[in-house]
Amino acid sequence: MVIPFGAVALLVIPMAVGIETTLLARIGPGLFWAVVLLFGVLVTQRESGAEGSPQRDLLTLLGVDPAARFAATAIANTILVLVFEVAVGAITIVLYDPDVVGWGWIALVLPLVAAGLAMLGTIAASVTTGLGGRGALAPLLIAPIAIPIMLGAAQATEGLRVGAGILRWVLVLAVVDVLLMLAGVLTARPLEES
Amino acid sequence: MTKRTLEFAAAGLLLTALVVGLTVPPDAVQGDFQRIMYAHVPSAWLAYLAFGITMIGSIAYLVTSKLRWDRLAGASAEVGVVFTGLALATGMIWGKPVWGVWWTWDARLVLTAAMFFVYLAYLALRRGIDGLERRAKRSALFGIVAALQIPIVHFSVVWWRGLHQPPTILRPDDPQIDGPLLFALLMGVFAFTVVYAALVRRRMDLALIEDSLVEASRAGEDVAGAAVTAPSVGAKPR
Amino acid sequence: MSDWGWVAFAYLVVYGSLGGYVASLVFRIRRARAEADRG
């Protein structure tokens with residue numbers, strides 16, 4: 001139910017800031033990325049079938065490497081976030097009519113962002129397993145650390161719009177993804193054991 | 001050094017820094033507003049130092065499994081969030097009369113704000129986890145993941161704001177500062193650092209007492225039903 | 001507000017917060033010690 005939630009957010013914002021077409025076209029892409037960051041991570045926080053302690057113990061007994069579990073969960077989450085991005089992206093284009101340039105680069109940026117948020121979400125979920133108030137905690141854990149992902153994405157789309165070089169921002173996204181991959185793999189076993 | 005000595009030293013140094021800050025001549029450009037910097041810069045320095053110590057404590061815990069390091073990490077984070085908040089507040093109080101706005105999207109302010117939220121997240125995580133080892137391990141791991149990302153947050157924010165730095169002459173830390181003004185600044189940094197050390201020590205004391213309460217209540221728990229209690233040496237089972 | 005007004009405001013916030021934090025520490029330590037003595 002996160003896609004409708006993101007859609008409602010996009011609908012509500014012009015009610016708050018005004019509906020002039022130039023304003024909305026200008027802020028549309030940025031708002032899209034903000035919604036992806038803030039709401040998109042929620043799709044990574046759902047309880048998966050392997051979350052409960054008995055299920056995790058079973059997986060361990062079966063010899064499933066925690067790092068492999070992280071990778072599998074991260075990949076699944078990446079797909080979920082990507083779907084979220086596409087759905088919310090379509091809604092943004094409809095409601096805000098932004099100037100979308102450089103579809104090739106966008107096709108690269110979307111999965112890079114999805115992977116980063118997915119990995120962050122997976123790590124946050126395993127750090128908060130079994131805690132009562134997990135709902136509000138994971139997004140707080142993720143949001144400040146995800147700033148480079150959002151900056152990279154927003155600056156990339158803005159750069160494409162004005163025709164500036166965006167390589168450095170794509171690089172930021174790539175570096176973040178690599179770091180998170182390392183972090184996720186290295187922390188998988190200790191987190192499993194706690 | 002005993003805790004009392006450290007605390008008296010901290011109080012004395014803080015008082016001295018305050019007096020120095022208020023009595024040195026005003027800055028040539030910023031006038032008396034410069035005095036706010038004598039509290040802002042030390043706060044910002046401590047925000048980063050405390051963060052670093054939390055990271056060191058986290059790594060040390062993961063390596064040694066000694067809870068003392070976890071207490072250090074947690075204490076430094078709590079004291080750190082206070083100083084980070086002060087850095088933000090003083091930055092804003094300086095900015096309003098000087099720049100005319102409470103907030104500018106200056107890279108440094110944005111980074112400090114981001115760090116403030118990372119601290120809050122770390123502290124919220126610690127508060128939510130039961131069990132000392134589990135709390136220590138998970139917050140240490142989260143802390144390290146966060147720390148790994150901070151340099152990237154730094155670069156991405158600096159790149160983002162690269163074209164929009166405020167005029168050099170009105171930037172918060174003036175590199176041309178010298179003489180008595182520099183002394184006031186360094187005095188502040190030194191005093192605040194000692195205050196930080198004293199606060200962290202006391203906060204670790206508190207953590208030790210609270211953690212031992214958690215341990216004590218755990219020792220009283222039934223292990224396998226009411227018929228069996230957890231083994232304890234000497235003390236009568238409850 | 002005058003220049004010194006802003007400076008005073010800033011210092012009030014800083015020293016007030018530090019004082020408040022120290023007070024909270026003292027209070028929490030006393031409370032924790034009391035509970036430890038009780039148990």
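Q: How many residues does the contact take from chain A and from chain B?
A: In this predicted model, chain A and chain B share a contact to which both chains contribute residues. Two residues count as in contact if their C-beta atoms lie within 7 Å. The contact takes 25 residues from chain A and 24 residues from chain B.

Q: Which element gives the largest share of the side of chain A that touches chain B?
A: Helix H5 (103-127), helix H6 (134-145), H7 and helix H8 (167-193) of chain A each give two or more residues to the side that touches chain B. The largest share of that side amounts to nine residues. The element that supplies this share is H8(A).

Q: By class, how many residues of the side of chain A that touches chain B are nonpolar?
A: On the side of chain A that touches chain B, five residues are polar and one is charged. The nonpolar residues of that side number 19.

Q: Why does the span of helix H7 of chain A agree with what should be found?
A: Helix H7 of chain A runs over residues 147-162, which is 16 residues. The expected span is 1.5 Å times one less than the number of residues, so helix H7 of chain A should span 22 Å. The two values agree because the end C-alpha atoms of the helix are also apart by 22 Å.

Q: How many of the 16 residues of H7(A) are buried?
A: A residue is buried if 20 or more other C-beta atoms lie within 10 Å of its own. In H7(A), the buried residues include A:Ile147, A:Met150, A:Ala154 and A:Leu160. H7(A) is mostly covered, and its buried residues number twelve.

Q: Which residue just after H7(A) takes a positive phi?
A: The residue in question comes just after H7(A), and its phi is about 80°. This residue is A:Gly163.

Q: Which element gives the largest share of the side of chain B that touches chain C?
A: The contact takes 23 residues from chain B and 20 residues from chain C. Helix H2 (34-64), helix H3 (67-99) and helix H6 (179-219) of chain B each give two or more residues to the side that touches chain C. The largest share, ten residues, comes from H6(B).

Q: What percentage of the residues of chain C count as buried?
A: Chain C has one helix and zero strands, and its C-alpha trace spans about 55 × 10 × 5 Å along the principal axes. The chain has 39 residues. The share that counts as buried is 13%.

Conventions: Residues numbered from 1 in each chain as written. Chains lettered and ligands numbered in written order. Predicted model: local features only at pLDDT ≥ 70, side-chain atom pairs only at ≥ 80, totals over all residues. Helix = DSSP H or I, 4+ residues; strand = E, 2+ residues; numbered from the N terminus. Nonpolar A, V, L, I, M, F, W, Y, C, P; charged D, E, K, R; others polar.
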